[in-house]
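Reader: I am new to this structure. Please take me through one part of it closely.

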Amino acid sequence: DVVRPLMGKKRAQNNYLGLSRAFTVFWGAALAGVALLAGGWGPVLETGLKVASYTYGPLLALFLLGLFSPIRGQRAVLIGAACGTAGVALVLAFGSLAWTWNVLTGCSITVVAALLFDKLSPGGELKTNAQRKQ
C-alpha cells in the first residue's frame with residue numbers, strides 16, 4: 001500500500017512479498033531490541049502508557065481539530081501534531097510533570113500550534129502530485 005505507489009513502475013508480486021518479509025524481519029528485530037532495553041524501565045503497564053502518551057495527545061487533538069476547527073488545510077494540522085509530539089518528548093525529558101498529564105499536554109500543544117500556524121500561513125493546503133501536475 002505504501003511502497004507500490006512510491007516505486008512508480010509495476011513490479012512482480014514476488015518482489016513486493018520479499019520486501020514485506022524484509023520489513024517484517026526488520027521491525028521484529030527493532031521491537032526485540034526495544035524489549036531488551038526496556039528491562040529497567042519499571043512496571044510494564046506504566047511504561048506502556050508512558051510510551052503511548054507520546055502520540056495519544058496529538059491523536060486526540062487531530063480528532064478534535066477535524067470536528068471543531070476552521071483550519072483550511074492539512075499542513076497546519078501536521079505541523080501541530082509534530083509540535084505536540086515534540087512537546088511531550090521535551091516535557092518527559094526535562095520536566096517533572098507526571099506522565100498522566102502527557103495526553104493533555106500533547107493535545108493542547110497540538111491544537112495551539114495548528115491553529116497558530118493556520119492563522120500565520122498564507123495557503124495551508126498541501127498539494128498531491130496529481131494537483132501539482134495540473
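Let us start with one residue. Is D118 buried or exposed, and what is its relative accessible area? Please go on from there to the helices around it.

Author: This is a predicted model. D118 is buried, because its relative accessible area is 10% and the cut-off for buried is under 20%. D118 sits in helix 5, which covers residues 102-120. Set aside the neighbours within four places in sequence, and D118 is in contact with P70, I71, R72, G73 and A76. One of these, A76, belongs to the helix 4 side of the contact between helix 4 and helix 5. D118 is on the helix 5 side of that contact.

Now take that pair of helices. Helix 4 spans residues 74-94. Helix 4 and helix 5 pack with their axes 7 Å apart. The angle between them is about 145 degrees. Their crossing is right-handed. From helix 4, the contact takes in R75, A76, V77, I79, G80, A81, C83, G84, G87, V88, V91 and L92. From helix 5 come N102, T105, G106, I109, T110, A113, A114, F117 and D118. By class, this contact has 12 nonpolar, seven polar and two charged residues.

N102 is another residue of helix 5. N102 is buried, with a relative accessible area of 1%. Beyond residues up to four places away in sequence, N102 touches S53, V88, V91 and L92. V88, V91 and L92 are on the helix 4 side of the helix 4 and helix 5 contact. S53 is in helix 3, and its name appears among the residues that meet helix 5.

That brings in helix 3, residues 44-68. Helix 3 and helix 5 pack with axes 7 Å apart, at an angle of about 45 degrees. The two helices are therefore oblique to each other. Helix 3 passes helix 5 in a right-handed crossing. On the helix 3 side, the contact residues are S53, Y56, G57, P58, L60, A61, L64 and L65. On the helix 5 side, they are N102, V103, G106, C107, T110, V111, A114 and L115. The residues of this contact divide into 11 nonpolar, five polar and no charged.

S108 is also in helix 5. S108 is partly exposed, at a relative accessible area of 35%. The C-alpha atoms of S108 and A61 are 7.3 Å apart in space. Along the chain, the two residues are 47 residues apart.

Next, helix 3 against helix 4. Their axes come within 9 Å and cross at roughly 150 degrees. Helix 3 and helix 4 are therefore roughly antiparallel to each other. The crossing is right-handed. K50, S53, Y54, P58 and L62 of helix 3 meet V77, A81, G84, T85, V88, A89 and L92 of helix 4. Sorted by class, the residues of this contact are eight nonpolar, three polar and one charged.

T85 shows that contact at one residue. T85 is found in helix 4. With neighbours within four places in sequence left aside, T85 is in contact with Y54 and P58. T85 counts as partly exposed, at 30% relative accessibility. G28 gives a longer reach along the chain: T85 and G28 are 57 residues apart in sequence, and their C-alpha atoms are separated by 24 Å.

Two cysteines complete the view. C83 is on the helix 4 side of the contact with helix 5. C107 is on the helix 5 side of the contact with helix 3. How many disulfides are there? The count comes to zero. Why does C83 have no such bond? The sulfur of C83 is 14 Å from the closest cysteine sulfur, in C107, and that is too far for a bond. C107 is likewise in no disulfide. The two cysteines can also be placed by exposure. C83 is partly exposed, with a relative accessible area of 35%. C107 is buried, with a relative accessible area of 9%.

Back to the starting point. D118 is buried in helix 5, and its contacts include R72 and G73. Helix 5 packs with helix 4, and helix 5 also packs with helix 3.

Definitions and conventions: Residues numbered from 1 in each chain as written. Predicted model: local features only at pLDDT ≥ 70, side-chain atom pairs only at ≥ 80, totals over all residues. Heavy atoms only, no water. Axes fitted to C-alpha atoms, helices over the stretch in contact; angles between N-to-C directions. Helix = DSSP H or I, 4+ residues; strand = E, 2+ residues; numbered from the N terminus. Parallel < 35°, antiparallel > 145°, perpendicular 65-115°, else oblique. Left-handed = near helix turned anticlockwise from the far one by under 90°. Contact = heavy atoms within 4.5 Å. Nonpolar A, V, L, I, M, F, W, Y, C, P; charged D, E, K, R; others polar. Disulfide = S-S within 2.5 Å. Buried < 20%, exposed > 50% of the residue type's maximum accessible area, 1.4 Å probe, protein only.
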